[in-house]
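User: I'm new to this one, could you walk me through it?

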Amino acid sequence: MSLIIQAITAIFFAAVGLFVYAIFGHSMMGWLDKGPEPIPIEEIQRRIAEKESDLDRVEGGVHLETGLIAAEGWETVRATCTACHSAKLVTQNKATRDGWKTMIVWMQETQGLWDLGDKEAEILDYLAANYAPEESSRRANLDMDAIEWYILDL
Ligand code: HEC
């Protein structure tokens, strides 16, 4: 008899133990498991510097970090035109020299761009030469008046 009671008591405590483990086990194990060692800040800085210097070079005529075409004057453009925004705003646009001038004036009047002084000519030369409008690859719109319409006879 007492053996049966002992067995039931053992099963009871085992069940309670399992129950407690199921609910609190995860957080209890957290005390033991401190997780991976944190990476020291110097190591993180070293990795970032390595990555940046890796992209700060010209390959195939393009500066990898900014995407600017590495033609004459590009370093002036990089220094001036990436102070407030990404170089993408430059590289994704195309315009004539006048068009670029208009954008620069717009930024000066509304976005706090400073007077570019004698750098302006160099910057405009670079932009006009490397980011000029291209002919569109799209077919031109049809000239509706020039079309000779006819009834399709089936
Ligand atoms: C003083 C800060 C500043 C500097 C420096 C600056 N820009 Fe901007 N530029 C802006 C702001 C702000 C916008 C608007 C961004 C937006 O709409 O998200 C902008 C927008 C542009 C646009 C998009 C215009 C459009 O119509 O969509 C182009 C292109 C551009 N900049 C080119 C340049 C060039 C080229 C230079 C270097 C000569 C330059 N930026 C330097 C502030 C600046």
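Analyst: What follows is a short conversation about the metal site and the aromatic pairs. This is a predicted model, in which local features need pLDDT of at least 70 and side-chain atom pairs count only at pLDDT 80 or more, while totals for chains, interfaces and linings use all residues. Residues are numbered from 1 along each chain as its sequence is written, and side-chain values use heavy atoms, with hydrogens and water left out.

User: Which residues coordinate the iron atom of the ligand?

Analyst: His85 (through NE2) and Met107 (through SD) coordinate the iron atom of the ligand at 2.0 Å, where donors are N, O and S atoms within 2.8 Å of the metal (3.2 Å for Na, K and Ca). His85 sits in the loop between helix H3 (74-81) and helix H4 (88-91), whereas Met107 belongs to helix H5 (residues 97-110), 22 residues apart; helices here are DSSP runs of H or I with at least four residues, numbered from the N terminus.

User: Are those two buried or exposed?

Analyst: His85 counts as partly exposed because its relative accessibility is 26%, and Met107 counts as partly exposed at 21%; buried means under 20% relative accessible area, exposed over 50%, and partly exposed in between (1.4 Å probe, protein chains only).

User: Switching topic, how many aromatic pairs are there?

Analyst: The count comes to two aromatic pairs, with rings of Phe, Tyr and Trp (its six-membered ring) pairing if their centres lie within 6.5 Å, and planes under 30 degrees apart counting as stacked, over 60 as edge-to-face and the rest as tilted. Phe12 and Phe13 are edge-to-face, at 5.5 Å centre to centre with 70 degrees between the planes, while Tyr126 and Tyr131 are tilted, at 6.0 Å and 55 degrees.

Notes: Helices (H or I, at least four residues) and strands (E, at least two) are DSSP runs, numbered from the N terminus.
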